[in-house]
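Work through the exercises below with the sequence and coordinates open. Each task is followed by a stepwise solution.

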Amino acid sequence: MANQQVFERNIKDHWSVKYEEAQFPSVQKGWILSVDRWKDFDPFILMAEDWFKRGTFSDHPHRGFQTVTYVVDGRLEHIDNAGGRDILEPGDVQYMNAGWAARHAEEAVGEDIAHTLQLWLNLPKDLKNTPTTYQNIYREDAPTASFEGGYVKVFSGNIAGVQGPLDSVVPITLSEINLENGATYTHLLPETHNAFVYVLSGDLTIGSSNVNLQKHGVATLTFNEAGTDENKSQIKIKANSRRTRLLVYSGKPIKEEIVPYGPFVMNSMDEIKQAYRDYHNGLFGPPAK
């Protein structure tokens with residue numbers, strides 16, 4: 001069989017996150033992915049970076065999408081109304097399929113200031129009524145693959161020959177890449193996946209156009225919509241400082257119209273109104289506490 005050409009990804013768009021102080025008990029907030037551009041980010045809807053004290057994200061409902069929460073610093077306590085409770089620490093990830101009716105709380109622990117990244121990931125119309133599930137992926141349980149000058153930690157998907165433990169309803173990849181100063185790395189992704197990167201620390205150049213990104217930098221990547229899931233694409237990364245660390249997310253576009261409204265993401269405003277009725281009529285269950 002002839003070798004199939006690997007699709008070379010480049011940078012489609014890039015920006016630095018802007019932050020605003022928030023009203024206590026929230027501390028500060030920035031939008032890594034803004035919801036008004038969800039069509040560009042499909043299947044991703046939005047991604048928020050938050051610093052917050054306890055009481056900011058107490059009991060609240062969700063329906064129609066998934067979340068992937070990465071803890072940057074502090075401790076995050078997860079509480080759900082099905083009896084789930086756990087504490088996540090820096091480098092841990094929580095996955096939630098809100099499905100038809102989630103009700104939970106995400107709280108800072110004690111006097112901590114929790115610093116988190118929360119991604120909203122769409123569900124196709126035929127999966128919006130799936131059962132609500134949660135999965136915690138602790139940093140030490142995510143496998144790593146080493147290369148010269150660094151390593152990649154895989155939370156979701158098959159990357160660098162290792163399989164991440166996150167089991168999402170809609171398959172995605174999530175990797176954390178750590179690089180020493182001067183190290184280079186070629187990251188492989190399914191070519192049909194829409195993808196973006198977020199820089200947690202350091203300074204790097206990325207893609208064939210050598211775009212420079214620094215801490216709080218975001219970039220969306222080109223992808224091959226006409227490709228096949230089996231084929232791989234690649235993006236080249238070079239660290240320009242020590243302790244360069246970035247997250248890479250990817251997922252296949254769903255290509256459905258959505259209405260993100262409050263804590264719900266549905267396909268029409270009528271479905272949003274039904275979600276509010278169901279919540280107020282007690283169908284989401286008791287409070288999470």
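**Exercise 1. Classify Arg242 in this predicted model: is Arg242 buried or exposed?**

Step 1. Locate the residue. Arg242 sits in the loop between β24 (232–239) and β25.
Step 2. Apply the cut-off. Exposed means over 50% relative accessible area. Arg242 has 57% relative accessibility, so Arg242 counts as exposed.
Step 3. List the contacts. Leaving aside neighbours within four places in sequence, Arg242 is in contact with Leu179 and Asn181.
Step 4. Check a distance. Arg242 and Leu204 are 38 residues apart along the chain, and 9.9 Å separates their C-alpha atoms.

**Exercise 2. Do the same for Ser175: is Ser175 buried or exposed?**

Step 1. Ser175 belongs to strand β18.
Step 2. Buried means under 20% relative accessible area. The value for Ser175 is 0%, so Ser175 is buried.
Step 3. Beyond four places in sequence, the contacts of Ser175 include Val152, Lys153 and Val154. Ile159 and His187 are also in contact with Ser175, as are Leu246, Leu247 and Val248.

**Exercise 3. Lay out the open sheet: in what order do its seven strands run?**

Step 1. Read the order: β3-β4-β5-β12-β7-β10-β13, with antiparallel pairing.
Step 2. Mark the edges. These are β3 (19–21) and β13 (133–137), and each pairs on one side only.
Step 3. Add the twist, which averages 20° from one strand to the next.
Step 4. Zoom in on one pair. Strands β4 (residues 26–33) and β5 (residues 44–52) pair in the antiparallel sense over six bridges. Gln28 has Trp51 in β5 as its bridge partner.

**Exercise 4. Analyse the largest nonpolar core: which residues have the most contacts inside it?**

Step 1. The largest core has 27 residues, and those with the most contacts inside it are Leu33, Phe44, Tyr70, Leu117 and Tyr249.
Step 2. Trace the suppliers. Among the strands that each give at least two residues to this core are β7 (65–73), β10 (93–97), β12 (114–122) and β25 (244–251).
Step 3. Set a second core apart from this one. That core has 26 residues, among them Ala145, Phe147, Val152 and Ile237.
Step 4. Follow Leu117. Its contacts beyond four places in sequence include Ile32, Met47, Val68, Tyr198 and Leu247.
Step 5. Turn to Val68, which is found in strand β7. At 1% relative accessibility, Val68 counts as buried. Its C-alpha atom lies 8.1 Å from that of Leu117, 49 residues apart along the chain. Val68 also touches Val93, Tyr95, Leu166 and Ile172, among others.
Step 6. Recall the general pattern: in soluble globular proteins, nonpolar side chains tend to be buried together.

**Exercise 5. Examine the β14–β15 hairpin: which side chains of β14 are buried?**

Step 1. Sort β14 (residues 144–147) by face. Ala145 and Phe147 point to one face and are buried, while Thr144 and Ser146 point to the other and are not.
Step 2. Pair the strands. Four bridges join β14 to β15 (residues 150–156), and the two run antiparallel. Ala145 has Val152 in β15 as its bridge partner.
Step 3. Inspect the turn. Two residues lie between β14 and β15, and Gly149 in the turn has a positive phi of about 90°.

**Exercise 6. Describe the largest pocket: which lining residues are closest to its centre?**

Step 1. The largest pocket holds about 330 Å³ of space.
Step 2. It is lined by 18 residues, and the closest to its centre are Phe57, His60, His62, Gln118 and Trp120.
Step 3. Assign the lining. The elements giving two or more residues are β4, β5, β6 (57–62) and β12.

Conventions
Residues numbered from 1 in each chain as written. Predicted model: local features only at pLDDT ≥ 70, side-chain atom pairs only at ≥ 80, totals over all residues. Heavy atoms only, no water. Pairing = 2+ DSSP bridges. Axes fitted to C-alpha atoms, helices over the stretch in contact; angles between N-to-C directions. Core = buried A, V, L, I, M, F, W, Y, C linked by side-chain atoms within 4.5 Å. Buried < 20%, exposed > 50% of the residue type's maximum accessible area, 1.4 Å probe, protein only. Contact = heavy atoms within 4.5 Å. 1 Å grid on protein atoms, 1.4 Å probe; cavity = no way out; pocket = protein on both sides within 12 Å on 5 of 7 lines; lining within 4 Å. Points joined across faces, edges and corners; volume = space filled by probe spheres on them.
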